[in-house]
Amino acid sequence: MGASLSPRSAQVIDLETVRQRQQAQKCLVRLAPELDGLEMVYQLAASPDTFYGLPILAWGLREDGSVIGLVPWMETLAACHDLNSQENGYFVGYRDPETEEIFDTPPDHKYHELIAAAEYFDYEASGEVTLIQQIPDILGTHALCMNHPNSPWHMKPVYGWRLYSDGSLDALLADENKATMTPILLGDKCLYSAHARHQTVYFFQRHIANRILEEDPATLDALAMMVVASD
């Protein structure tokens, strides 16, 4: 005997709609700079007994209410929890260098700061992508910019970061020929979004950027391998 059919009609699940909804929940809505020196701790598969520390640039509030640490990493400003690469490193936790405490979740005070700021700056949804927020880069981050595989690369300091209404992030670089005042600050007309002008951008913290600028052989070899691996 066959099983009886349910009187309710079958529901068609639109997987693309579900994916878009889940992605929207991860969308960033607010940033808060990290001003107390907290770090991200990560490991490399090649050195399983060694822990590395990387200063956190900012904390981000997502649409779903979760808070994440953000670090300049490869081609983007990446969420610490999302770093899970055998070659480039995987996330272990956050660290307070002053107390040497390692913890799994962002500090409570950053959560409350972001929630309060998001409630105060309650932007109305718009059909167009708009600028939501700008924060300065206080880590000395540099961007290695390339427009074509065979064209010369340029190393440029990052002056800040922009958060847009679609949750995307981009670095702010300077067109030195248009700079009229020093130091260059957020809001200056000489600043432009990195990915709007350059085909490929890699981000490095200050000490690595200086090794590249000094043409340190080991650093340049590692850079060449990284660029080839990502192509």
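# Sheet pairing, a tryptophan and model confidence

User: In this predicted model, over how many bridges do strand S14 and S15 pair, and in which sense?
Analyst: Strand S14 covers residues 169–174, and within this stretch leucine 173 stands opposite tyrosine 192 of S15. The two strands run in the antiparallel sense, and their pairing extends over 3 bridges.

User: Which strands stand at the edges of the open sheet that has the order S10-S13-S14-S15?
Analyst: This open sheet consists of 4 strands with antiparallel pairing. An edge strand has a single partner strand, so one side of it is left without a neighbour in the sheet. Neighbouring strands are turned by 30° against each other on average, with direction ignored. The strands at the edges are S10 (131–136) and S15 (191–193).

User: Is tryptophan 59 buried or exposed, and which side chain does a polar contact of 2.6 Å join to that of tryptophan 59?
Analyst: Tryptophan 59 lies in strand S4, which spans residues 58–62, and its C-alpha is 5.2 Å from that of alanine 32, although the two are 27 residues apart in sequence. Its relative accessibility is 0%, and because buried means under 20%, tryptophan 59 counts as buried. The polar contact of 2.6 Å joins its side chain to that of glutamate 34.

User: Over which residues does pLDDT stay under 50 with 0 contacts beyond four places in sequence?
Analyst: The protein chain has a mean pLDDT of 86, with 83% of its residues at 70 or more. Residues 15–22 stay under 50 but have 1 contact beyond four places in sequence. The stretch with 0 such contacts, where pLDDT also stays under 50, is residues 1–6.

Methods:
Residues are numbered from 1 along each chain as its sequence is written. This is a predicted model: local features need pLDDT of at least 70, side-chain atom pairs count only at pLDDT 80 or more; totals for chains, interfaces and linings use all residues. Side-chain values use heavy atoms; hydrogens and water are left out. Two strands pair if DSSP finds at least two bridges between them. Axes are lines fitted to C-alpha atoms, for helices over the stretch in contact, and angles run from 0 to 180 degrees between N-to-C directions. Buried means under 20% relative accessible area, exposed over 50%, partly exposed in between (1.4 Å probe, protein chains only). A polar contact is a pair of N or O atoms within 3.5 Å; within protein, one must be able to donate a hydrogen and the other to accept it, and residues adjacent in sequence count only if both atoms are side-chain atoms. pLDDT is the predictor's confidence in each residue, from 0 to 100. Contact means heavy atoms within 4.5 Å.
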